Amino acid sequence: MTAPVDGVHARLTGVTRTFGLPSGAKLRALGPIDLDIRRGEFFGVVGPSGCGKSTLLDILAGLSPPTDGSVVFEGKPVDGVPDGVGVVFQEDASLPWLSVHNNVAFGLRRAGFEAAETARRVDYAIGFMGLREFANAYPAQLSGGMRQRVCIARTLVLQPRLILLDEPFGALDQQTRLLMGEELLRLWRETGATVLLITHALDEAAMLSDRVGVMSARPGTFIDFIETQWPRERDSRIVSDPRFGAVTARLWDKLRVESLKIMGTRTQEKAP
Amino acid sequence: MSRQILSREGWIRLAVIVAFVGAFEAACRLKLIPRTVVLPPSEMATSLWRILQTGEHTTDILSTLQNVAISAALAVTAGFAIGVILHALPRLRATVEPLLASYYAVPTFMFYPVFIVVFGVSARAIIAIAVLLSIVAMIASTLTGLDRIPRVLRKTALIYRMNTPTRAVLIDFPAAAPHLFTGIKLTFAYAFIGVIASEFILSGQGIGYAIAYAYNNFDNRTMYGLMLLVILVATIANTALDTVDRRLQNRLRR
């Protein structure tokens with residue numbers, strides 16, 4: 001929100017999303033959202049369950065239109081999935097009928113890249129994500145973490161300028177998540193892409209992000225932005241930095257209030 | 001690394017079959033089961049060998065296999081198409097699905113007089129009954145396969161800006177493939193049953209007809225030889241399809 005206009009990579013203005021319920025009533029899931037995502041930043045988003053984090057990502061990716069408001073990416077209005085945007089989902093989105101190599105090459109072949117260029121990019125991405133010895137394996141033969149690496153590699157080969165990640169490590173254990181986070185930081189540094197990471201893990205958001213946006217309970221709006229001021233060269237060891245505790249404490253301070261609102265609503269909904 | 005010919009379960013299964021056939025043979029040879037009721041398995045095998053060597057029922061065998069192939073192909077094609085249409089039209093599906101669920105409670109064979117009137121005593125009547133018997137298995141499998149395509153793969157298709165036909169070919173069809181193949185396997189099994197059973201009442205040729213003819217003429221040797229052939233063909237075909245099915249399920253497991 002404070003970034004200069006020429007440094008803005010994507011901008012959401014007055015974005016809301018409303019869903020129709022079977023009863024005919026309308027439910028506002030998101031917004032209004034005003035957000036500038038700065039070019040090249042690592043932006044984390046945290047918020048209580050059901051606050052519309054994934055809806056926000058879908059709108060930014062052009063997967064679903066906002067009910068109101070506008071979304072602009074690289075100065076152009078978003079209508080459908082724009083060029084230069086890559087998405088990694090929480091669920092396993094690897095294609096189980098293709099080998100790791102063919103999964104990673106899938107998007108390049110779809111886009112009509114020449115075989116030599118496809119091979120070069122796939123080789124780099126597979127090596128970068130530590131998948132070289134599994135190139136001929138099928139997703140069913142890999143762990144959840146490895147499959148998520150395949151999905152990241154598949155996104156990476158298309159060299160997106162904005163990478164959107166929707167709780168990509170949500171299904172992984174803590175140690176794997178920390179290590180995958182390090183790989184994500186390495187990818188961000190080497191590609192120079194802008195990254196938006198949605199996560200429910202405060203430590204993950206605090207460790208990875210340059211800036212963390214905290215969302216309110218439904219309908220989700222941004223209630224705080226926290227600049228972490230970490231150096232660009234960082235890894236999971238940053239969790240031992242005294243400032244890390246301060247960042248997570250501030251995140252939890254904001255999030256606790258919002259989470260209690262949801263719990264209160266649920267308690268009231270359950271009451272006779 | 002050498003691959004095992006059979007798994008441990010496979011060896012146990014084979015041992016059970018061998019033990020059963022051995023006990024059956026012994027019971028027949030010891031006259032615990034009269035020859036007028038059942039022949040020993042070894043004589044069934046000898047009879048089948050003779051049938052295959054002399055070629056006296058080759059026309060019947062080819063006729064049956066051809067009818068099974070045509071019926072299964074028609075049922076798979078039409079069943080898949082109907083499944084896709086029902087999946088695309090939820091209201092129509094909601095109307096039809098309860099009928100499909102109770103479909104196999106209706107004895108399809110009772111319609112054979114209708115098919116005789118429409119097609120005459122011919123292969124077409126047999127194929128019609130076999131298709132009628134098997135098509136719903138393919139419709140149900142197609143619906144299950146399309147229902148179980150993970151939502152995230154649909155989102156992935158959007159990310160790659162696929163239109164509906166491209167998504168159908170590159171995402172939906174391969175994602176649904178394990179269920180579709182299960183449908184093909186069941187369709188083949190039902191088509192085989194439908195053809196053989198129909199030949200008993202609707203045909204002047206085919207393995208079913210030949211078994212009925214042998215039975216009416218007290219030719220137990222031919223009858224049991226042909227029965228063994230039916231069992232072997234059904235088992236071998238089903239085992240082959242099942243092997244492919246398992247491989248697909250394993251590879252596409254999420």
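**Notebook: sheets of chain A**

I started from one residue pair: R17(A) stands opposite L30(A) in strand 2 of chain A. The model is a predicted one, which I kept in mind throughout.

Next I looked up the strands around that pair. Strand 1 (residues 8-20) and strand 2 of chain A run antiparallel, and I found 9 bridges joining them. I then checked what packs there. Helix 1 (residues 53-61) of chain A lies on the sheet and touches strand 1, strand 2 and strand 4 (68-73) of chain A. I noted about 120° between the direction of helix 1 and that of strand 1 of chain A.

I traced the whole sheet after that. It is open, has 4 strands in the order 2-1-4-5 (chain A), and its pairing is antiparallel. Why is one side of strand 2 and of strand 5 left without a neighbour in the sheet? Strand 2 (26-38) and strand 5 (76-77) of chain A are at the edges, and each has a single partner strand, so one side of each has no neighbour in the sheet.

I turned to the other sheet. In chain A, 6 strands form an open sheet in the order 6-7-8-3-9-10, with mixed pairing. At its edges I found strand 6 (85-88) and strand 10 (222-227) of chain A, each pairing on one side only. From one strand to the next, the twist averages 15°.

Last, I picked one pairing within that order. Strand 7 (residues 162-166) and strand 8 (residues 194-198) of chain A pair in the parallel sense, over 5 bridges. Which residue of strand 8 of chain A is the bridge partner of L164(A)? I read off L196(A).

Terms used:
Residues are numbered from 1 along each chain as its sequence is written. Chains are lettered from A and ligands numbered from 1 in the order in which they are written. This is a predicted model: local features need pLDDT of at least 70, side-chain atom pairs count only at pLDDT 80 or more; totals for chains, interfaces and linings use all residues. Two strands pair if DSSP finds at least two bridges between them. Helices (H or I, at least four residues) and strands (E, at least two) are DSSP runs, numbered from the N terminus. Axes are lines fitted to C-alpha atoms, for helices over the stretch in contact, and angles run from 0 to 180 degrees between N-to-C directions. Two residues are in contact if their C-beta atoms, placed from the backbone, lie within 7 Å.
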